[in-house]
Amino acid sequence: MNEIHSRSGDAELDDADQERWNAAEAFVERAQRAQEGLLNNLRAGAYERAGDSRTARRGPQAGSQARQVLESYERGQRAELLDDRSLQKLHTTLDEGEGAEYDEMSRWLTITGNPHYERAVAKLFRDPDHGSRDFTREELSAWQAARNLQRSVSVYQGGSSGGFLAPVHLDPAVLLSGDGVASSFRSLARTVTISTESWRGVTSAGTSAYWIPENQSAQESQAQFDQPVITPQKRVAYLIASFEALGDTNIQREAQNLIRDEFASQENQAFTYGAGDAFGEPTGVLTALADGSQDVPTAVSGVYDREDALAFQESLAPRWRANRPAIQGSLHALNLTRAFPLLAGGVETSLVAEGNPPTLRGTPWFENSSMDDGEQPGDAIAVLADWKQFLIADRVGASFELIQNVMDASTQRPTGQRGIMAWTRTGSGVLVPEAFKLLRLAGGS
């Protein structure tokens, strides 16, 4: 091409040179595509080998192998399996991990993110009893690595027979959003992924600091420390698919969407009203604040007006206001607030500025579709908080159980369907109650 360009100068190419130019240009395009394909194959080989039971490392190499898996979900054919928020959560999980738990998290991500394991699971979805007979050598190796991981003490989830770990992109704890529910808990709260039975921390509502002269001893701190424990609880989704659907559709993709929507609705309700560990549920924010100590009641029983909204926004202590607090409330409560003027008797401008999300005089207001509409005395209208003091703990490694033949309850005959049960463990709780304020309609029992 350089030779043709030098020879022709600014003149148009004759037919022979034009033909040679076109052929050379096509060759360059083919070479560039081939080069890109080779690079992708090299990357694929790296993360596929990383998931092999013989090469899934512990120690310093564990994190680098897990990063390679995340890279495979960020480009190429697998890029559409995880959205940006889910990928960011996985990156954050690795960034914040340390010690033995970091090793386990990295191994889990490396093994369950292996595309050979993904293909092995797809074969089992279609034929739970005999799908393993069609495993390739690479798929069998990836399957064995996942089974070994599942049996390990720190990520053990199910019985020794039956059940298997979900591929990363089917794990409900990774799939952060669903279309069927308005929830902002996971975007606002502090979320951790653990490989132990419970998350244990140390919190304090505050301490004291003093100015003291030279050579004078410090005064004793009045700080009170708490040791909150968040224990993940089991949640289950059960799907039924016909033999035809299993054969005609990408069942993993369909299961991903159904599981995400079902768990999103389930956990939003639990993070709001969950009864707590004693009932096998996460502890919801309203349950944790049920003693009334953080209530901001409206001035008139059963009535919510402009002054209540202002008093609510100003009720949070400066320490927590400095941490960019946000409000969660029902859409109905937000619409009521939209009707309040910015200045009493002044210009008819709403207290709420529209945006994504809308704001109450600068404080973001997120819709929570599980909360009361605020129409009855005693209803909780909204929660204002430093949401980093609400913790969501996800237990690593969701599991699947497959039922080969679903039986009709009345006839006990096969229905031509298979069952897919997905289960994982998630817990939640308030770490520092003083970081929360609850706007409640006065009155009620």
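Buried here means under 20% relative accessible area. With that cut-off in hand, here are some close-up views of this predicted model.

**Figure 1. Helix H6 is largely enclosed by the rest of the structure.** Nine of the 12 residues in H6 are buried, so the rest of the structure encloses most of this helix. The buried set is made up of Pro115, His116, Tyr117, Glu118, Ala120, Val121, Ala122, Leu124 and Phe125. Where H6 starts, a side-chain oxygen of Asn114 comes to within 2.9 Å of the backbone nitrogen of His116. The length of the helix also works out nicely: for residues 115-126, a rise of 1.5 Å a residue gives an expected span of 16 Å, and the end C-alpha atoms are 17 Å apart, which agrees.

**Figure 2. Helix H7 is linked to H6 by the salt bridge between Glu139 and Arg119.** In this pair, the closest N and O atoms are 3.9 Å apart. Because Glu139 belongs to H7 (residues 137-151) and Arg119 to H6, the pair ties together parts that are 20 residues apart in sequence. The two partners sit in contrasting surroundings: Glu139 is buried, with a relative accessible area of 4%, whereas Arg119 is partly exposed at 36%. Glu139 has buried company in H7, including Trp143, Arg147, Leu149 and Gln150. As for the length of H7, its 15 residues should span 21 Å at 1.5 Å a residue, and its end C-alpha atoms are indeed 21 Å apart.

**Figure 3. Glu3 and Arg7 form a salt bridge within helix H1.** Their closest N and O atoms are 3.5 Å apart. The two residues are four positions apart in H1, which means that about one helical turn separates them. Glu3 counts as exposed, at 59% relative accessibility, while Arg7 counts as partly exposed, at 47%. The view can be widened to take in Asp17 and Arg20, since these two are linked with Glu3 and Arg7 in a network of salt bridges. For context, a search of the whole structure finds 13 salt bridges.

**Figure 4. Met1, Phe27 and Val28 make a nonpolar patch on the surface.** Together, these three residues have about 270 Å² of accessible area. Met1 lies in the segment before helix H1 (2-8). At 36% relative accessibility, Met1 counts as partly exposed.

**Figure 5. Strand S9 pairs with S13 and with S12 in an open sheet of seven strands.** The strand order is S8-S17-S13-S9-S12-S11-S10, and the pairing is mixed. At the edges are S8 (295-297) and S10 (352-353), each of which pairs on one side only. S9 (residues 326-329) meets S13 (residues 380-385) in the antiparallel sense, over four bridges. Ile327 of S9 has Leu384 as its bridge partner in S13. S9 runs parallel to S12 (residues 363-367), and three bridges join the two. There, Gln328 has Phe366 as its bridge partner. Which way do the residues of S9 point? Ala326 and Gln328 point one way, Ile327 and Gly329 point the other way, and all are buried.

**Figure 6. Strands S11 and S12 are joined by two bridges and run antiparallel.** Looking along this pairing, you will find Leu360 with its bridge partner Thr363 in S12. Between S11 (359-360) and S12 is a loop that holds Arg361. Arg361 forms a salt bridge with Glu314, and the closest N and O atoms are 3.0 Å apart. This pair links distant parts of the chain, as Glu314 lies in helix H12 (residues 306-314), 47 residues apart from Arg361. Arg361 is partly exposed at 40% relative accessibility, and Glu314 is exposed, with a relative accessible area of 51%.

**Figure 7. Gln266 and Ser370 are 104 residues apart in sequence and 9.9 Å apart in space.** The distance in space runs from C-alpha to C-alpha. Gln266 is part of helix H10 (residues 251-273). With a relative accessibility of 29%, Gln266 counts as partly exposed.

Notes: Residues numbered from 1 in each chain as written. Predicted model: local features only at pLDDT ≥ 70, side-chain atom pairs only at ≥ 80, totals over all residues. Heavy atoms only, no water. Buried < 20%, exposed > 50% of the residue type's maximum accessible area, 1.4 Å probe, protein only. Pairing = 2+ DSSP bridges. Patch = residues over 30% accessible without salt bridge, like charges linked within 9 Å, V, L, I, M, F, W, Y side chains within 5 Å. Areas by Shrake-Rupley, 256 points an atom, 1.4 Å probe, with all protein chains shown as cover. Salt bridge = Lys/Arg side-chain N within 4 Å of Asp/Glu carboxyl O. Expected span 1.5 Å × (residues − 1). Polar contact = N/O pair within 3.5 Å; in protein donor to acceptor, adjacent residues only side chain to side chain.
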